[in-house]
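This report describes a single protein chain, beginning with one residue and then turning to the overall fold, the strand pairing and the surface. The sequence and structure are shown here.

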Amino acid sequence: MPAAFDAKTTVKGTANLTTYTLSHTPVGTPTMAIAFVMGAIAGGPGVVTVTYGGQAMTELAGGSADNVSPFCKVFYKMGPLTGAQTVTSTHTNAVVNGGML
């Protein structure tokens, strides 16, 4: 079965944040959720975790070239919960000019 896109939600910030939170409502019954977390951190991205409806998402790929480069990490969750869900990314180091999609 080909992948189908149904809904997108974004959040961004410019302050030194350690948590980004958004509410996402998929259309129909989702089979997978994907989150892209990006930003710039002096000291590197550190540990990044993402939850979807309180359930942990799995990191698929990502990183940064060095300790001051922008980063992008990709997370996924198979069989995510239906209806409106809170998606949260938590960072051990504060993110500057970051966001989540």
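## A loop residue and the basis of the model

Val-27 is exposed, with a relative accessible area of 55%; here buried means under 20% relative accessible area, exposed over 50%, and partly exposed in between, with a 1.4 Å probe and protein chains only. Val-27 sits in the loop between β2 (17–24) and β3. The C-alpha atoms of Val-27 and Ala-84 are 9.8 Å apart, although these positions lie 57 residues apart along the chain.

The model is predicted, with local features requiring pLDDT of at least 70 and side-chain atom pairs counted only at pLDDT 80 or more, while totals for chains, interfaces and linings use all residues. Residues are numbered from 1 along each chain as its sequence is written, and side-chain values use heavy atoms, with hydrogens and water left out.

## Overall architecture

The protein chain contains eight strands and zero helices, in the sequential pattern β-β-β-β-β-β-β-β. Both element types are DSSP runs numbered from the N terminus: helices are H or I with at least four residues, and strands are E with at least two.

Of the 101 residues of the chain, 33% count as buried. Among contacts with a separation of 6 or more, 74% are between residues 24 or more positions apart, a contact being heavy atoms within 4.5 Å. The accessible surface comes to about 5700 Å², and carbon and sulfur atoms contribute 59% of it. Accessible areas come from the Shrake-Rupley method with a 1.4 Å probe, and for residues only the protein chains shown count as cover.

## Pairing with strand β8

Strand β8 (residues 85–100) pairs with β2 in the antiparallel sense over seven bridges; two strands pair if DSSP finds at least two bridges between them. Strand β4 (residues 48–52) is also antiparallel to β8, with five bridges, and three bridges join β3 to β8, again in antiparallel orientation. In the last of these pairings, Met-38 stands opposite Gly-99.

Ser-89 lies in strand β8 and is buried, with a relative accessible area of 0%. Tyr-20 stands opposite Ser-89, and so does Val-50. Leaving aside neighbours within four places in sequence, Ser-89 is in contact with Thr-18, Thr-19, Tyr-20, Val-37, Thr-49, Val-50 and Met-100. The side chain of Ser-89 also makes a polar contact of 3.2 Å with that of His-91. Such a contact is a pair of N or O atoms within 3.5 Å; within protein, one must be able to donate a hydrogen and the other to accept it, and residues adjacent in sequence count only if both atoms are side-chain atoms.

## Strands β3 and β7

Nine bridges link β3 and β7 in the antiparallel sense, and Met-32 stands opposite Met-78 in β7. In a regular strand the side chains alternate between the two faces of the sheet. The covered face of β3 carries Ala-33, Ala-35, Val-37 and Gly-39, whereas Met-32, Ile-34, Phe-36, Met-38 and Ala-40 make up the uncovered face.

Pro-70 is found in strand β7 and counts as exposed at 61% relative accessibility. From C-alpha to C-alpha, Pro-70 and Met-38 are 7.2 Å apart, with a sequence separation of 32 residues.

## Nonpolar patch

Met-32, Ile-34, Phe-36, Met-78 and Leu-101 form a nonpolar patch on the surface, with about 440 Å² of accessible area together. Patches are made of residues with over 30% relative accessible area and no salt bridge; like charges are joined within 9 Å, and nonpolar side chains (Val, Leu, Ile, Met, Phe, Trp, Tyr) within 5 Å. Strand β3 (residues 32–40) supplies the largest share of the patch, three residues, while Met-78 belongs to strand β7 (residues 70–78).

## The salt bridge

The structure holds one salt bridge, defined as a side-chain nitrogen of Lys or Arg within 4 Å of a carboxyl oxygen of Asp or Glu. The side chains of Lys-73 and Glu-59 form this bridge at 3.1 Å, N to O. Lys-73 lies in strand β7 and Glu-59 in strand β6 (residues 58–63), so the pair ties together parts that are 14 residues apart in sequence. Lys-73 counts as buried at 9% relative accessibility, whereas Glu-59 counts as partly exposed at 36%.
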